[in-house]
Amino acid sequence: VLEIPNVQLEDAGMYECKAENSRGRNVFRGQLQVYTYPHWVEKLNDTQLDSGDQLRWECKATGKPRPTYRWLKNGVPLWPQQSRIEMVNGVLMIHSVNLSDAGMYQCLAENKYNTIYASAELKILASAPTFPINQRRKTIIITKGQEVVIECKPQASPKPTITWKKGDKALRESKR
């Protein structure tokens, strides 16, 4: 009897038992294959993105045979409905996320011995521009000849485009 306690992947291979006596000898050969359950090398993390950003999540597992991956969103299998969703070897990419992409996602890594799950929430930030109270001064008093800096830093998601007007006319960059 050959006993191998705590079998490891490197124990896999061809083994042989040789028996001999005064009448002759015989050999029995057998292949030992070692399999492992999938286990996580890299999991998902909860993520917040601005509307329009790109999501890239990767879940990575090891196991023998090598695990395959599937994705769920809110418990339902995720399929690449549009070209903006890609799923390749444990990587999920969604180009230009929007509010409909928000939810709980699960990555499944599976081989014929087990299935493991990793979960993360995707939150999509979307808000109209608002100005903090400390930027809301309506009147700025300045002495002629000095330099003035007027900040426009709204909070918004996705990031807004900024334009300036003086009265009814759009401002353009100049020497001043």
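The following exchange works through a predicted model, taking up its domains, one of its sheets and its largest pocket.

Student: How is the protein chain divided into domains, and what distance separates the centres of domain 1 and domain 2?

Tutor: In this predicted model, the chain is divided into domain 1, which covers 36–125, and domain 2, which covers 127–171. When the centres of the two domains are taken over C-alpha atoms, the separation between them comes to 41 Å.

Student: Which strands are the edge strands of the open sheet of three strands?

Tutor: The order of this open sheet is S5-S10-S9, and its pairing is antiparallel. An edge strand here pairs on one side only, which is the case for strand S5 (55–58) and strand S9 (85–88).

Student: How many bridges join S9 to strand S10, and which residue in S10 does Ile85 stand opposite?

Tutor: Strand S10 comprises residues 91–94 and runs antiparallel to S9, with four bridges joining the two. Within S10, the residue that Ile85 stands opposite is Ile94.

Student: What is the average twist from one strand to the next in the sheet S5-S10-S9?

Tutor: The sheet in question is the open one of three strands with antiparallel pairing. From one strand to the next, its twist averages 10°.

Student: Which residues line the largest pocket, and how do they divide into nonpolar, polar and charged?

Tutor: About 600 Å³ of space lies in this pocket. Its lining is made up of Gln146, Glu147, Val148, Val149, Ile150, Trp164, Lys166, Leu171, Arg172, Glu173, Ser174 and Arg176. Sorted by residue class, that lining divides into five nonpolar, two polar and five charged.

Terms used: Residues numbered from 1 in each chain as written. Predicted model: local features only at pLDDT ≥ 70, side-chain atom pairs only at ≥ 80, totals over all residues. Heavy atoms only, no water. Pairing = 2+ DSSP bridges. Axes fitted to C-alpha atoms, helices over the stretch in contact; angles between N-to-C directions. Domains from an automatic or database assignment. 1 Å grid on protein atoms, 1.4 Å probe; cavity = no way out; pocket = protein on both sides within 12 Å on 5 of 7 lines; lining within 4 Å. Points joined across faces, edges and corners; volume = space filled by probe spheres on them. Nonpolar A, V, L, I, M, F, W, Y, C, P; charged D, E, K, R; others polar.
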